[in-house]
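Let's take a friendly walk through a protein together. Have a look at the model below, and then we will read it piece by piece.

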Amino acid sequence: MPKMMPEYLSSTAITRWNGGAPILSRRDVPYRADLVFNAGVAKYNGKYVMVFRDDYGYSENGEAKDRGTQLGIAFSDDGIRWEVSPKPFWNSDILGDPEILRVYDPRLTVLEGKCYLCFAVDTRHGLRGGIAVTEDFSDIRILSMTVPDNRNMVLFPEKIGGRYVRLERPFPVYSRGGIDRFDAWISYSPDLRYWGDSSLLLAVEDVPFANDKVGPGAPPVRTEKGWLTLFHAVQIDHSRGKNGWEDRWQKCYCAGLMLLDLEDPRRILGYCRQPLLAPETKWETDEGFRTNVIFPGGMILEDSGEVKIYYGASDTVECLATADVNDLLRLCLESGAK
Ligand code: BMA
C-alpha cells in the first residue's frame with residue numbers, strides 16, 4: 001500500500017503494463033520537457049495518436065527555470081511504443097491570443113471521422129474548457145470555449161438522440177461552501193458550439209473514495225451494455241505534508257469507473273464503489289513533481305475485448321493499464337446505480 005493512504009484506496013480488476021513503468025516520459029521527448037503526463041489517446045486513421053501535456057522548467061530540487069506548458073504529439077502502431085513528433089503540437093503562442101496563458105490536459109474523441117480535442121485553458125480572466133477539431137494534426141481550429149470556471153471536458157464519440165454530448169466539471173465555489181466540492185456534469189449541443197440542457201451526473205457525495213472532487217476522465221467508450229466511462233476522484237487529507245517536489249501536496253487522485261445508459265447517458269446504470277486505479281507503484285506514490293495522482297485521460301476498447309487505460313502518474317509521466325471489458329462491465333453493474 002502507498003504511504004499514508006487509507007485502506008480502501010486500492011486498485012481493482014486492472015493490470016499495469018510493465019509493472020506500472022511509464023510508456024512516455026521526458027526522456028522520449030526531443031524538445032524541452034520535464035513533466036510529460038495527462039495525455040489524450042485515440043485510434044485515428046489506422047494509428048494510435050497521443051496528445052500529451054508537457055510542462056517544462058521543473059526539477060527535482062524545486063528550482064523553477066522559465067516554466068511553460070505545451071502539448072506534444074506522438075504516434076504508435078500498437079498503443080504501447082510511441083514515437084514523439086519532433087516539434088510540439090500546440091501551445092499558447094500558436095494561438096496568438098494574449099488572453100490565453102496556456103492549454104493543457106487534452107482529451108481526444110474521434111467523431112464523424114474527425115479528431116476532436118477537448119482541453120483546459122488558463123486565461124487572464126479564469127479557467128475555461130475548450131473544444132477544437134483537426135483532420136490531420138497540422139491544422140487545428142477552436143470551436144467553442146466555456147465561460148470560467150470549467151474544465152475536464154470530454155466528448156462522446158457519437159451523437160445521442162440527435163445531439164452532441166459532453167461531460168465536464170465546473171468549479172462552483174461560492175455555492176458549495178467556499179471549498180472544493182466539484183462534481184461531474186453532462187451537457188448537450190446541436191452543433192458542438194452551443195452547449196446547454198446541463199444536469200448533474202455524479203456528485204462528490206456519491207463516491208465513497210472522494211471527499212474533494214469528481215470529474216470526467218477519458219471520453220466514454222461504447223459497449224453493448226452502456227457507455228463505459230472513467231472519472232477522476234479526489235480525496236484530500238490535510239495531515240499529508242510534503243509529497244513530491246512541491247512543499248506541500250495533500251490530495252490523492254484515483255480513477256473511478258461508471259456505466260451510462262446508451263440512449264440516455266444522464267442515467268448511471270452502475271458505478272464501482274472502489275477505485276479502478278489507486279496510486280500504488282513508485283511512479284504513482286513516490287517519484288514525481290506531485291505524488292498520489294492517477295489522472296486518466298484516454299480509454300480504448302480493442303476488438304479483442306481488451307481495454308487500454310492511459311493515465312498521468314503524479315503529474316510527471318504517462319502510464320498504461322489494461323483490463324477485460326467484461327470485468328469492467330461486471331464491476332459497474334454489480335455495484336449498482338446511484
Ligand atoms: C488538477 C489538474 C490536473 C492535475 C491534477 C493533479 O487540478 O491541474 O492537470 O493532474 O490537478 O495535480
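Strands (E, at least two residues) and helices (H or I, at least four) are DSSP runs, numbered from the N terminus. Two strands pair if DSSP finds at least two bridges between them. What you see is a predicted model, in which local features need pLDDT of at least 70 and side-chain atom pairs count only at pLDDT 80 or more, while totals for chains, interfaces and linings use all residues. Residues are numbered from 1 along each chain as its sequence is written, and side-chain values use heavy atoms, leaving out hydrogens and water.

**The whole protein**

The protein has 21 strands and 3 helices. Its C-alpha atoms fill a box of roughly 50 × 45 × 45 Å along the principal axes. Its radius of gyration (taken over C-alpha atoms; the globule rule is 2.2 Å times the number of residues to the power 0.38) is 18 Å, which agrees with the value near 20 Å for a compact globule of 338 residues.

**Two sheets**

One open sheet has 4 strands in the order E6-E7-E8-E9, with antiparallel pairing. Its edge strands, E6 (100-111) and E9 (140-145), each pair on one side only. From one strand to the next, the twist averages 30° (axes are lines fitted to C-alpha atoms, and angles run from 0 to 180 degrees between N-to-C directions). Between E6 and E7 (residues 114-123) there are 9 antiparallel bridges, and Arg102 has Asp122 in E7 as its bridge partner.

Another open sheet of 4 strands follows the order E1-E21-E20-E19, with antiparallel pairing. Here E1 (15-16) and E19 (294-301) are the edge strands. E19 is joined to E20 (residues 306-313) by 7 bridges, and the two run antiparallel. Gly298 stands opposite Tyr310 in E20.

**Around the ligand**

Which residues surround the ligand? Counting a residue as near if one of its heavy atoms lies within 4 Å, they are Asn38, Arg53, Asp105, Arg151, Lys213, Trp249, Tyr253, Arg290, Val293, Phe295 and Asp315. By class, this shell has 6 charged residues (Asp, Glu, Lys, Arg), 4 nonpolar (Ala, Val, Leu, Ile, Met, Phe, Trp, Tyr, Cys, Pro) and 1 polar (the others, Gly among them).

The table lists polar contacts, meaning pairs of N or O atoms within 3.5 Å.

| Side chain | Distance to a ligand oxygen atom |
|---|---|
| Arg53 | 2.8 Å |
| Asp105 | 2.5 Å |
| Arg151 | 2.9 Å |

On its own, the ligand has 310 Å² of accessible area (Shrake-Rupley method, 1.4 Å probe), and the protein covers 90% of it.

Technical notes: A polar contact is a pair of N or O atoms within 3.5 Å; within protein, one must be able to donate a hydrogen and the other to accept it, and residues adjacent in sequence count only if both atoms are side-chain atoms.
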